[in-house]
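Here are my notes for anyone opening this model for the first time. Have the viewer ready and follow along point by point.

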Amino acid sequence: MDVLIRNAKIIAPQASLNGKQMDIMISGGEIMEIAKNIAPGNAKIIEAKGLHVSPGWFDIGVQTGDPGLEHREDLSTVSAAASAGGFTGIACYPNTDPVTDSKSGIHYLQQNSRDLAVDCFPIGALSEGCKGKDITELYDMHKAGACAFSDGNHSVQHAGLMLRGLLYVKAFDGLVINHPHDETLAANGQMHEGYVSTTMGVRGISSLTEAIMVQRDIELAEYSGSRVHIANISSRESVEKIRKAKTDGIKVTTSVPALNLLMDDSALTGFDSNLKVLPPLRSEGDIEALKAGLKDGTIDIITSNHVPLEEEAKKLEFPYADFGAIGLETAFSVAYSSLKDSLSIEEIVDKISGNPRQLLKLSSIKLEKGSKANLTLFIPAAKWTVAKNDIRSRSNNTPLIGKELEGKVLGIINGTNVILNI
Amino acid sequence: MAATSQLSTDHLIGIKQITADDIHLIFETANNFKEVINRPIKKVPSLRDITIANLFFENSTRTRLSFELAEKRLSADTINFSAASSSVKKGETLLDTVNNILSMKVDMIVMRHPAPGAPMFLSKHIDANIINAGDGTHEHPTQALLDAYSMQESVGDLQGKKIVIIGDIVHSRVALSNIFCLQKLGAKVKVCGPPTLIPKHIQELGVEVEFDLKKALEWCDIANILRIQLERQDLRYIPSLREYALYFGVNKPLLDSLDKEIVIMHPGPINRGVEISSDVADSDHSIILQQVENGVAVRMAVLFLLASRR
């Protein structure tokens with residue numbers, strides 16, 4: 001099937017076509033022509049007021065439930081959710097059942113995602129069973145195609161293990177991803193520690209809980225000389241520490257979940273467990289610091305922090321509910337709603353497309369004749385309201401139902417897959 | 001005089017959500033009920049035909065008895081349910097349990113629960129008046145109301161009065177509800193205890209912090225001494241009860257060393273010889289037993305006022 005994208009503004013920060021209004025003709029999954037006023041022939045026409053097109057977006061850390069927890073999310077539903085959110089590629093965390101901690105786990109994911117519209121890249125577990133004790137067969141998983149190593153939502157508590165992992169992957173310039181969360185300091189905390197948690201009588205997760213591990217991982221990255229990605233930061237202190245580390249030339253990168261850019265802890269006073277996420281929604285001041293960090297390049301990537309959970313794990317008293325919210329379908333809109341006045345659309349697209357692919361050393365996406373089509377279609381100016389019925393994820397644990405967001409994803413084109421939200 | 005004759009809310013989730021007018025109205029209503037329960041015939045028909053479920057997902061003796069007595073004095077029909085929290089957590093969800101009970105046509109729910117926010121969670125999903133009888137480390141509104149009511153009885157209007165809350169502030173729903181209630185009534189509040197038991201951000205609530213017990217007592221008009229809640233401490237926040245008693249226990253020699261008399265309160269149950277010595281608990285300065293008596297009247301007032309919104 002031929003597809004003609006009509007009169008779309010191209011957002012491809014590094015390309016000469018950036019900012020131009022063009023038609024794009026795609027045939028057999030390949031870009032045939034980029035020009036003005038291309039004759040449609042019998043191609044399917046995609047057009048919309050304010051339509052933008054950019055290289056396909058990428059999320060570096062998605063929780064799925066496949067294998068083992070398919071009632072939360074399997075590979076086909078995560079692909080549907082990702083495509084609805086404009087992502088043509090995702091990296092999948094190893095926190096499944098069993099954990100992706102061996103070559104066969106990597107192969108399982110590769111084989112079972114082969115026919116999906118969204119490219120799924122496996123992240124291998126750093127420790128066996130993500131238990132935080134002994135390193136896995138990292139080299140073997142790397143050879144099999146693991147794009148990075150992480151214990152996912154199990155933050156690596158043991159500094160020695162983290163160091164051994166970092167040293168070991170140096171042999172192939174591997175990347176270790178860690179979520180900074182010191183469990184001894186979190187001590188069963190449920191939300192950001194501050195005025196709001198104090199008035200709610202809920203045990204807090206102090207910014208220190210994050211900062212202390214951010215600093216640890218910076219030190220370990222410096223010592224080992226390996227690449228570390230400090231995933232999903234949420235506090236001003238973390239931004240400051242990473243900014244300094246980058247100035248010092250340490251090989252550290254970082255990311256922030258979209259939701260942590262839009263909502264602060266004052267939203268939690270009603271004890272809505274869908275707002276119980278990790279990292280926790282922090283203060284207004286933290287959001288300002290995160291925005292500044294995105295602007296000056298301290299923060300490289302925006303993530304969806306997609307954590308699908310079934311109702312039985314969420315529709316509970318606040319302290320009993322699990323941490324996490326789905327995010328793939330709303331990540332761009334949430335980020336755009338928060339950042340539209342402080343970052344250009346090119347800067348935002350870089351954080352969800354070019355930067356994550358570069359970090360994982362994936363081939364960059366070219367918007368030129370003869371390239372495989374790997375595109376995201378979106379309308380920044382469009383407003384929309386999140387509705388439960390539209391959710392493509394198998395889980396619907398999101399605090400955003402009924403909320404109006406700015407920036408709408410129209411769909412993706414990934415090779416011959418054309419997935420549109422209409 | 002209360003400026004209103006109706007509460008501003010259908011539920012009593014916390015003191016945070018109610019107004020000073022609500023508090024005055026509850027106190028005024030409690031005055032009437034206090035008179036009632038001192039009559040030879042202590043029962044009135046105000047809540048006839050109202051069914052109240054007392055759901056206690058955490059142990060309680062005095063609060064449960066106090067509520068039950070208040071309900072019976074008002075002629076309500078009552079049913080009681082108690083369960084350890086863990087069995088509920090692992091089996092049937094709270095929502096299912098409560099919906100089952102509501103199917104039996106219950107009008108009001110009095111609930112104690114170990115999870116902060118559980119009554120608010122419930123209020124969003126079910127149609128019954130909910131009274132929070134303590135939710136984890138969040139609030140215990142009727143305790144704060146009866147405490148403030150008893151304080152007023154002892155020292156008059158609380159505007160400008162100085163009250164110190166002593167003990168485990170971080171694990172205490174009583175402390176938080178007391179702070180909200182006393183501030184709404186114009187009192188000044190200080191907290192005192194070992195730093196590990198004082199929330200880091202408590203000052204942002206407009207509360208002062210004092211780590212020296214003697215200084216705290218010298219400052220205050222009323223000392224509300226909290227129980228050391230070892231059962232709510234999953235980690236060790238204090239090294240031993242012995243050391244706590246030595247440095248934060250209120251005893252007779254300490255009170256005698258002050259150049260004034262202060263009112264002593266305790267929400268119970270008392271750890272005699274830990275946070276408070278026996279001679280202080282039983283002294284003339286102590287209004288601990290008046291608190292218990294007032295508890296029934298205040299709870300009658302809350303039940304009556306919420307039921308009248310149905």
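Which backbone atom lies 2.7 Å from a polar atom of the side chain of B:Asp107?

1. Keep in mind that this is a predicted model. The atom asked about is the backbone nitrogen of B:Thr51, which lies 2.7 Å from a polar atom of the B:Asp107 side chain. To find B:Asp107, go to the loop between helix 4 (94-102) and strand 3 (108-113) of chain B. Its relative accessible area is 18%, and because the cut-off for buried is under 20%, B:Asp107 counts as buried. Leaving out residues up to four places away in sequence, B:Asp107 touches B:Asp49, B:Ile50, B:Thr51, B:Ala128, B:Asn129 and B:Arg310.

2. Staying in chain B, have a look at B:Thr9, in the segment before helix 1 (20-37). This threonine is buried too, at 14% relative accessibility. A polar atom of the B:Thr9 side chain lies 2.6 Å from the backbone oxygen of B:His11. If neighbours within four places in sequence are set aside, B:Thr9 is in contact with B:Ile18, B:Leu306 and B:Arg309. Take B:Leu306 as an example of how the chain folds back: 297 residues separate it from B:Thr9 in sequence, yet the two C-alpha atoms are 7.8 Å apart in space.

3. Now for the place where the two chains meet. On the chain A side 20 residues are in contact with 30 residues of chain B. Together the chains bury about 1,900 Å² between them, with 63% of that on carbon and sulfur atoms. By class, the side of chain A that touches chain B has nine nonpolar, seven polar and four charged residues. How many salt bridges does the rule find across the interface of chain A and chain B? The count is zero. There are, however, five residue pairs in polar contact between chain A and chain B, with both residues at pLDDT 80 or more.

4. For a close-up involving both chains, try B:Thr137. A polar atom of its side chain lies 2.4 Å from the backbone oxygen of A:Gly201. B:Thr137 is found in the loop between strand 4 (129-135) and helix 6 (141-155) of chain B. With a relative accessible area of 16%, B:Thr137 is buried.

5. On to the nonpolar interior. Nonpolar side chains tend to be buried together in soluble globular proteins. The largest nonpolar core here has 82 residues, and A:Ile90, A:Ile302 and A:Phe332 have the most contacts inside it. Helix 12 (residues 331-339) of chain A gives the most to this core, with six residues. A second, separate core has 65 residues, including B:Ile18, B:Val44, B:Leu185 and B:Ile202. You have already met B:Ile18 as one of the contacts of B:Thr9.

6. Helix 12 of chain A deserves its own point. Why can it be called largely enclosed by the rest of the structure? Because nine of its nine residues are buried. Among them are A:Phe332, A:Ala335 and A:Leu339, along with serines such as A:Ser333 and A:Ser337. Two of these helix residues, A:Ala335 and A:Leu339, turn up among the contacts of A:Ile302. Others on that list, which leaves aside neighbours within four places in sequence, include A:Val256, A:Leu261, A:Leu294 and A:Ile352.

7. Finally, some backbone details in chain A that I would check by eye. Most residues other than glycine have a negative phi, and most peptide bonds are trans. The bond from A:Asp97 to A:Pro98 is cis, with omega near 5 degrees, and A:Pro98 lies in the loop between strand 7 (87-92) and helix 2 (103-112). Another cis peptide bond joins A:Leu278 and A:Pro279, with omega about -5 degrees; A:Pro279 is in the loop between helix 9 (259-262) and helix 10 (284-295).

8. Positive phi values come up as well. A:Asp173 has phi near 50 degrees and is found in the loop between helix 4 (159-169) and strand 10 (175-178) of chain A. For A:Asn232, phi is about 55 degrees, and its place is the loop between strand 13 (227-230) and helix 8 (236-247) of chain A. Are these two residues buried or partly exposed? A:Asp173 is partly exposed, with a relative accessible area of 33%, whereas A:Asn232 counts as buried at 4%.

How values were computed. Residues are numbered from 1 along each chain as its sequence is written. Chains are lettered from A and ligands numbered from 1 in the order in which they are written. This is a predicted model: local features need pLDDT of at least 70, side-chain atom pairs count only at pLDDT 80 or more; totals for chains, interfaces and linings use all residues. Side-chain values use heavy atoms; hydrogens and water are left out. Contact means heavy atoms within 4.5 Å. Buried area is the accessible area (1.4 Å probe) that two parts lose on being put together, summed over both. A salt bridge is a side-chain nitrogen of Lys or Arg within 4 Å of a carboxyl oxygen of Asp or Glu. A polar contact is a pair of N or O atoms within 3.5 Å; within protein, one must be able to donate a hydrogen and the other to accept it, and residues adjacent in sequence count only if both atoms are side-chain atoms. Ala, Val, Leu, Ile, Met, Phe, Trp, Tyr, Cys and Pro count as nonpolar, Asp, Glu, Lys and Arg as charged, and the others, Gly among them, as polar. Helices (H or I, at least four residues) and strands (E, at least two) are DSSP runs, numbered from the N terminus. Buried means under 20% relative accessible area, exposed over 50%, partly exposed in between (1.4 Å probe, protein chains only). A nonpolar core is a set of buried Ala, Val, Leu, Ile, Met, Phe, Trp, Tyr and Cys residues joined through side-chain atoms within 4.5 Å.
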